[in-house]
Amino acid sequence: MSGEAIVAAYVFILAIFVGFEVVSKVPSTLHTPLMSGANAIHGIVIVGAMLVASAIPGPLGTVLGFLAVVLGTANVVGGFVVTDRMLAMFKQRPVRKRE
Amino acid sequence: MTVETLIPVAYLIAAVTFILGLKGLSSPTTAVQGNRIAAAGMLIAVIATFFAADVNGGVPLILAGVAVGGVAGFAGARMVKMTAMPQMVALFNGAGGGAAALVAILEFARQRELGVLEVGASLATLLALIIGAVSFSGSAVAFGKLQGLITPKAFRYGGQQLVTGGIAAATALLSLVLLAGAFGGSFAIEPMLLIAVITLLALAFGVALVMPIGGADMPVVISLLNAYTGLAVAMAGFTLNNQLLIVAGTLVGASGTILTRLMSKAMNRSLGNVLFGAFGAATTAGPAGPTAGDDGRSIRSIGPEDAAILLSYAQNVIVVPGYGLAVAQAQHGVRELADLLESRGISVKYAIHPVAGRMPGHMNVLLAEANVPYDKLFDMDQINPEFQRADVALVIGANDVTNPAARSNPGSPIYGMPILDVDKAQNIIVIKRSMKPGFAGIDNDLYLDPKTAMLFGDAKDAVGKVVQELKKTA
């Protein structure tokens, strides 16, 4: 295994532990925001899409690169915005006044 | 030091913000901030990437893609109704999976042009491609089912498992051919053609995987697809040798895995059973009318005024909401009812079964939207000991998760499924449209319990009438 690959493997394994540790502390009340928040986080694939967007010259490569960026951005923006919207609803006391 | 050397630092910061973001979700009070921190980290990573050498002439293309995707994502996220949240999540999930698959294809083509294909990186690329494509098409089908575009029922045909297995085997075989070529340095078949065929097979596999799964099993499927996309992104990280993608993808993979396990457990079924088992197919008993039970016990039907009286004399009330409540849009009415009872000094709590709704935690979001304070929402383990102290358990649109047969009748298809101990309450009011059995297709013994009173009607109407009656007695 190359040096780079082994470092990547370390990062992968440690991230598994961190992920399980952090996520297992999320209460069931917040499982839907957890899912949409995690959804937004895997939108990081946008970075990968940017890096390969113009890797292949020619129309097919350009179209695929463009699509990758579109999908990645929709994932990031949509994921974070919808999570924010949802979390704003979790309040301890109702804001609406009772008549 | 040039700008480019700072890019890995920006990625490191982003990775930390993602962990902080998930950590924030451990409490509703810190969750909003956590999510915003993660979003800021994402922005930092994206801005830094513009300075990467690999982007070179691609900036206009990227900006165009960001504009289109950004508008679509923002509009979708702002407009979606909370009841439609599962399909929205499926959509974003599919988008991420699709992006990961496209990144894999482009990176493979690039490595092929440069002649640097080797077996390790190709394996990661293939995994990113296959898992990403499965997640893409699987999420699309899940979206269609949740949105009602295609039948939400389990779609099954003869030889189904053979077909699904065949697609999987063909995908694996072609992948091995590709890897062998990468290992030997020469390809018997043009590798880009192989990649194209593998992509199509993986897309077909995603469809074949989700089509046979029924609507009520969606909490498991959505969680699983979430884990898949995370894993696909992590694999794309291996391909690109990008640590940030590995960390972020793996975190999501862990989250999806935990949720998948929790959801399967809450239904007392293995993941394999959800994916390949025909649940309820053998036991679709005909709907029984509101008549006598087999052993002479009968169903007691009451009107809204009786329900109001029963509730007004209670001290402790536990509301048990199910998906039927969300379908009827009764959550606001329920909150009004709870407010009325509380203004008279009656304690009201909500018992939430893990699979109430169409995705993990869905019921909590729906009630939060109706301004129900989250400290009144209790999960199954917290609330079950309290049912015996409850004067009234008010079941609205929930069925199988309240069926005592899961505890007592080893012959029942849902035997062993963790349920809410509604039958331990002093009185039980069940608001239900008809005596139609729930998703599992079995009759609910709870309805024959002498303590149970059935209030037949649409959840929203029925709750509204009870509220009217309660106001009269004020």
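**Entry 1: two helices side by side**

I started in chain B, where helix 8 and helix 9 turn out to be roughly antiparallel to each other. The model I am reading is a predicted one. I looked up the angle behind that description: helix 8 (residues 218-240) and helix 9 (residues 243-266) of chain B pack at about 160 degrees. Angles over 145 degrees count as roughly antiparallel, so the label fits this pair. Their axes are 7 Å apart. I also noted the handedness, and the crossing of helix 8 and helix 9 of chain B is left-handed. What kinds of residues make up the contact of helix 8 with helix 9 of chain B? I found 16 nonpolar and 14 polar residues there, and no charged ones.

**Entry 2: the domains of chain B**

Next I wanted to place those helices in the chain. Chain B is divided into domain 1 (1-79), domain 2 (86-276) and domain 3 (304-472). How far apart do the C-alpha centres of domain 2 and domain 3 of chain B lie? I got 38 Å for that distance. The two domains do touch: 14 residues of domain 2 of chain B are in contact with eleven residues of domain 3 of chain B. My two helices came up again here, since helix 8 and helix 9 of chain B, along with helix 4 (85-114), each supply at least two residues of the side of domain 2 that touches domain 3. I sorted that side of domain 2 of chain B by class and counted twelve nonpolar residues, two polar ones and no charged ones.

**Entry 3: a sheet in chain B**

I then turned to the strands. How many strands does the open sheet of chain B have, and in what order? There are six, in the order 3-2-1-4-5-6, with parallel pairing. At the edges I found strand 3 (377-379) and strand 6 (452-456) of chain B, each of which pairs on one side only. Neighbouring strands of this sheet are turned by 25 degrees against each other on average, direction ignored.

A reminder to myself: strands of a sheet pair through backbone hydrogen bonds, either parallel or antiparallel.

I picked one pair for a better look. Strand 1 (residues 316-321) and strand 2 (residues 347-352) of chain B run parallel and are joined by four bridges. In one of my lookups, Val319(B) had Tyr350(B) in strand 2 of chain B as its bridge partner.

Two helices lie across this part of the sheet. Helix 13 (residues 331-343) of chain B lies across strand 1, strand 2 and strand 4 (392-396), and runs at about 175 degrees to strand 1 of chain B. Helix 14 (residues 362-369) of chain B lies across strand 1, strand 2 and strand 3, and runs at about 145 degrees to strand 2 of chain B.

**Entry 4: where chain A meets chain B**

Last, I looked between the chains. I counted 78 residues of chain A in contact with 99 residues of chain B. Which helix of chain A gives the largest share of the side that touches chain B? Helix 4 of chain A does, with 26 residues. By class, this side of chain A has 47 nonpolar, 23 polar and eight charged residues.

I zoomed in on one helix pair. Helix 1 (residues 3-23) of chain A and helix 1 (residues 7-24) of chain B pack at about 25 degrees, with their axes 9 Å apart. That makes helix 1 of chain A roughly parallel to helix 1 of chain B. In this contact, Val18(A), Val22(A) and Val23(A) meet Ile19(B), Leu22(B) and Lys23(B). The contact residues divide into five nonpolar, no polar and one charged.

Notes: Residues are numbered from 1 along each chain as its sequence is written. Chains are lettered from A and ligands numbered from 1 in the order in which they are written. This is a predicted model: local features need pLDDT of at least 70, side-chain atom pairs count only at pLDDT 80 or more; totals for chains, interfaces and linings use all residues. Two strands pair if DSSP finds at least two bridges between them. Axes are lines fitted to C-alpha atoms, for helices over the stretch in contact, and angles run from 0 to 180 degrees between N-to-C directions. Two residues are in contact if their C-beta atoms, placed from the backbone, lie within 7 Å. Angles under 35 degrees count as roughly parallel, over 145 as roughly antiparallel, 65 to 115 as roughly perpendicular and the rest as oblique. A crossing is left-handed if the near helix is turned anticlockwise from the far one by less than a right angle, and right-handed if clockwise. Ala, Val, Leu, Ile, Met, Phe, Trp, Tyr, Cys and Pro count as nonpolar, Asp, Glu, Lys and Arg as charged, and the others, Gly among them, as polar. Domain bounds come from an automatic or database domain assignment.
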